Amino acid sequence: GGGGGGGVVGFVAAMPRKSPAAAAGEVRVGPAGWSYADWVGRVYPARREKGFHEATYLAEFFDTIEINTSFYQPLKPEFCRQWLERVAANPRFVFTAKLWQKFTHEGTATAEDEQAVRAGFDVLREGGRLGAVLLQFPFSFHRTAETRAYLEGLLERLRDYPLVVEVRHASWNNKEFYELLQERGAGFCNIDQPLIGRAIRPSGRTTAPVGYVRMHGRRYDTWFSDDPEAPPEERYNYLYSMEELEPWAERIRKLSENAKSTFVITNNHFQGKAVVNALELIRLLTGNKVKVPEPLRHHYPELEAISSEPAQEPTLFPNPPR
């Protein structure tokens, strides 16, 4: 266990070096969240040993996970302390965490709400395991004088954290916005999302020492679906092909030349697809084969080609003796 399981260790060494001064920063790739019912038996073993924890398991394969429960409510400090223990075996492991939606979607956060949010984040930060706090705004958050002022206030309020801003509407794609992030030392989140209407397009931009990429999948049909019958996870039911990931590997390499630390998060979590694509990205970025969760290779045979270890479980029809 531990050690990132051939994750992105050695990534820095594997990068082309122009000069010692242009040495690339560290890149960590991992999924968004870990608590999904449809990952049991797919990503995680169907039979789990006593004391099994998803974050411990994922930290064998990845050097980061984006915490998404913090979007729905503030993190409890006691949980954060447990999570620090859960990932202790991987010294390279760093969490990122989404900011509570009260700040980004509702705009109603009080001073008490801020204190509650800080209580959890501070445990992770003091443990040396908080790489970034993500301010994820919805597509409906367009650039106006009012929203810009609101964002500025938020960046000021939380300036002691390594902040990253995700906007999804193309009205933000302008020089003034990127300059604001740069002045405030906040990172820009480069995203892959279905390009519908004025959706912000893929980019490889850095505005701070923290670089960030989020892959949401490309489900054009369900991304903005109001269909009450459509299950919400269908939005994230998308598996990128290697061909679709290659341009992103290029962008990530560029990002890592300009950022000290870059996080690449796969959010297409349906049936473990985020884990498949995160492993494939590590393969593309490092050129090395990767350690693959055993259950996953049985659901996604394409992982065999990039797996550093042969399948552990005997196949259904063993080869006849010669």
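The following exchange concerns a predicted model and examines its sheet and the helices H8 and H5.

Colleague: In what order do the eight strands of the open sheet stand?

Modeller: The sheet is open, and its pairing is parallel. Its eight strands follow the order E1-E8-E7-E6-E5-E4-E3-E2.

Colleague: Which strands stand at the edges of the sheet?

Modeller: An edge strand here has a single partner strand, so one side of it is left without a neighbour in the sheet. The strands in this position are E1 and E2 (64-67).

Colleague: By what angle are neighbouring strands of this sheet turned against each other on average?

Modeller: The angle ignores direction and is an average over neighbouring strands of this sheet. Its value is 25°.

Colleague: Which residue in E4 does Phe-95 stand opposite?

Modeller: Strand E3 (residues 94-98) pairs with strand E4 (residues 130-136) in the parallel sense over four bridges. Opposite Phe-95 in E4 stands Leu-130.

Colleague: What angle does the direction of H5 make with that of E4?

Modeller: Helix H5 (residues 111-126) packs on the sheet and touches E2, E3 and E4. Its direction and that of E4 make an angle of about 150°.

Colleague: How far apart are the end C-alpha atoms of helix H8?

Modeller: Helix H8 (residues 242-258) has 17 residues, which at 1.5 Å a residue should span 24 Å. The distance in the model agrees with this expectation: 25 Å.

Colleague: What arc do the buried residues of H8 cover around the axis?

Modeller: The buried residues are Leu-245, Trp-248, Ala-249, Ile-252, Leu-255 and Ser-256. They lie on the same side of H8, because the arc they cover is only 125°.

How values were computed. Residues are numbered from 1 along each chain as its sequence is written. This is a predicted model: local features need pLDDT of at least 70, side-chain atom pairs count only at pLDDT 80 or more; totals for chains, interfaces and linings use all residues. Side-chain values use heavy atoms; hydrogens and water are left out. Helices (H or I, at least four residues) and strands (E, at least two) are DSSP runs, numbered from the N terminus. The expected span of a helix is 1.5 Å times one less than its number of residues. Buried means under 20% relative accessible area, exposed over 50%, partly exposed in between (1.4 Å probe, protein chains only). The arc is that of the directions from the helix axis to the C-beta atoms. Two strands pair if DSSP finds at least two bridges between them. Axes are lines fitted to C-alpha atoms, for helices over the stretch in contact, and angles run from 0 to 180 degrees between N-to-C directions. Contact means heavy atoms within 4.5 Å.
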